[in-house]
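Student: Please examine one part of this model closely, namely the charged side chains and how they pair. I should then like to see that part set within the rest of the fold.

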Amino acid sequence: MENELINLLSDFGFPVKRQGSMTADEKYPPTFITFWENSESAVFYDDAERFVAYDFDVYVYSKNTQKVYDLLEQIRNVLTENNWIILNRGFDARSDEITHIGRGCEVGYIETKEETE
C-alpha cells in the first residue's frame with residue numbers, strides 16, 4: 001500500500017520522501033511531500049486474514065504558506081477519489097527549517113483480502 005500512496009503523491013510533481021529520511025545537510029526543496037506509516041493491522045476471521053487496515057500521516061512542507069494548505073486539500077481529494085479514507089482534515093507539522101511551514105493529515109486504507117479455497 002505504501003507504493004500506491006507514493007505513486008498517488010508523486011503525481012503532484014513535488015518530491016515525495018519518507019518522513020525523517022532527509023540528511024542533515026540536504027537542502028529542503030521549495031515544496032515537498034512526506035509520509036509516515038503509523039500502523040498496519042490485519043483482521044482475521046475463520047483462521048484467515050480478511051482485511052488489512054493501513055494508517056499513514058501525509059505531510060506537505062513549503063516556503064509558501066498558501067501552497068501548504070492548497071496542496072494538502074488537493075491530496076485529500078485525490079486520495080478520496082482512490083478509495084482512501086481521510087481520518088482528519090489536517091494539523092500543523094513541525095519544520096526543521098525556519099523557511100518552511102508544514103501541515104499534515106492522517107489517511108487510511110482498508111484492503112480486502114481475497115478468500116482462497
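**Charged pairs and their setting**

Tutor: K17 has a relative accessible area of 24% and is therefore partly exposed, since that class lies between the limits of 20% and 50%. The model under discussion is a predicted one. The side chain of K17 joins that of E26 in a salt bridge, with an N to O distance of 3.1 Å. E26 has a relative accessibility of 28%, so E26 also counts as partly exposed.

The search of the whole structure returns three salt bridges. Another of them brings together the side chains of E2 and R18, at 2.6 Å from N to O. This pair connects distant parts of the chain, as E2 belongs to helix α1 (residues 2-10) and R18 to strand β1 (residues 16-18), with their positions 16 residues apart. E2 counts as partly exposed because its relative accessibility is 25%. R18, at 33%, is likewise classed as partly exposed.

D92 and R103 also meet through their side chains in a salt bridge, here at 3.0 Å from N to O. This pair, too, links distant parts of the chain: D92 lies in strand β5 (residues 91-93) and R103 in strand β6 (residues 101-112), eleven residues apart. The two ends of the bridge fall into opposite classes of accessibility. D92 reaches 60% and so counts as exposed, whereas R103, at 17%, is buried because its value is under 20%. As a general matter, side chains of opposite charge can pair when their charged atoms come close.

The strands that carry D92 and R103 are themselves paired: β5 and β6 run antiparallel over three bridges. Within that pairing, F91 stands opposite G104 of β6. Strand β6 has further partners. Strand β3 (residues 48-62) pairs with β6 in the antiparallel sense over twelve bridges, and there D57 has E106 as its bridge partner. Strand β4 (residues 85-86) is also antiparallel to β6, over two bridges, with I85 matched to G108.

These elements belong to a chain with two helices and six strands, in the order α-β-β-β-α-β-β-β from the N terminus. The C-alpha atoms of the chain occupy a box of roughly 55 × 30 × 20 Å along the principal axes. Among contacts with a separation of 6 or more, 56% join residues 24 or more positions apart.

The nonpolar interior draws on several of the elements already named. In the largest nonpolar core, which has 20 residues, the members that touch the most other members are L5, I33, I75 and W84. Two or more residues come from each of α1, β2 (31-45), β3, α2 (65-81) and β6. I75, with its neighbours within four places in sequence left aside, contacts L9, F12, I33, V58 and V60. A second core, separate from this one, has six residues, among them Y28, Y59, Y61 and A93. Over the chain as a whole, 33% of the 117 residues are buried.

Nonpolar side chains also appear on the surface. F51, I85, L87 and I110 make up a nonpolar patch there, with about 340 Å² of accessible area together. F51 is a residue of strand β3 and counts as partly exposed because its relative accessible area is 37%. The chain exposes about 7400 Å² in total, of which carbon and sulfur atoms provide 45%.

One backbone detail remains. N83 is not a glycine, yet it has a positive phi of about 70°. Most residues other than glycine have a negative phi. N83 is placed in the loop between α2 and β4, and its relative accessible area of 57% means that N83 is exposed.

Notes: Residues numbered from 1 in each chain as written. Predicted model: local features only at pLDDT ≥ 70, side-chain atom pairs only at ≥ 80, totals over all residues. Heavy atoms only, no water. Salt bridge = Lys/Arg side-chain N within 4 Å of Asp/Glu carboxyl O. Helix = DSSP H or I, 4+ residues; strand = E, 2+ residues; numbered from the N terminus. Buried < 20%, exposed > 50% of the residue type's maximum accessible area, 1.4 Å probe, protein only. Pairing = 2+ DSSP bridges. Core = buried A, V, L, I, M, F, W, Y, C linked by side-chain atoms within 4.5 Å. Contact = heavy atoms within 4.5 Å. Patch = residues over 30% accessible without salt bridge, like charges linked within 9 Å, V, L, I, M, F, W, Y side chains within 5 Å. Areas by Shrake-Rupley, 256 points an atom, 1.4 Å probe, with all protein chains shown as cover.
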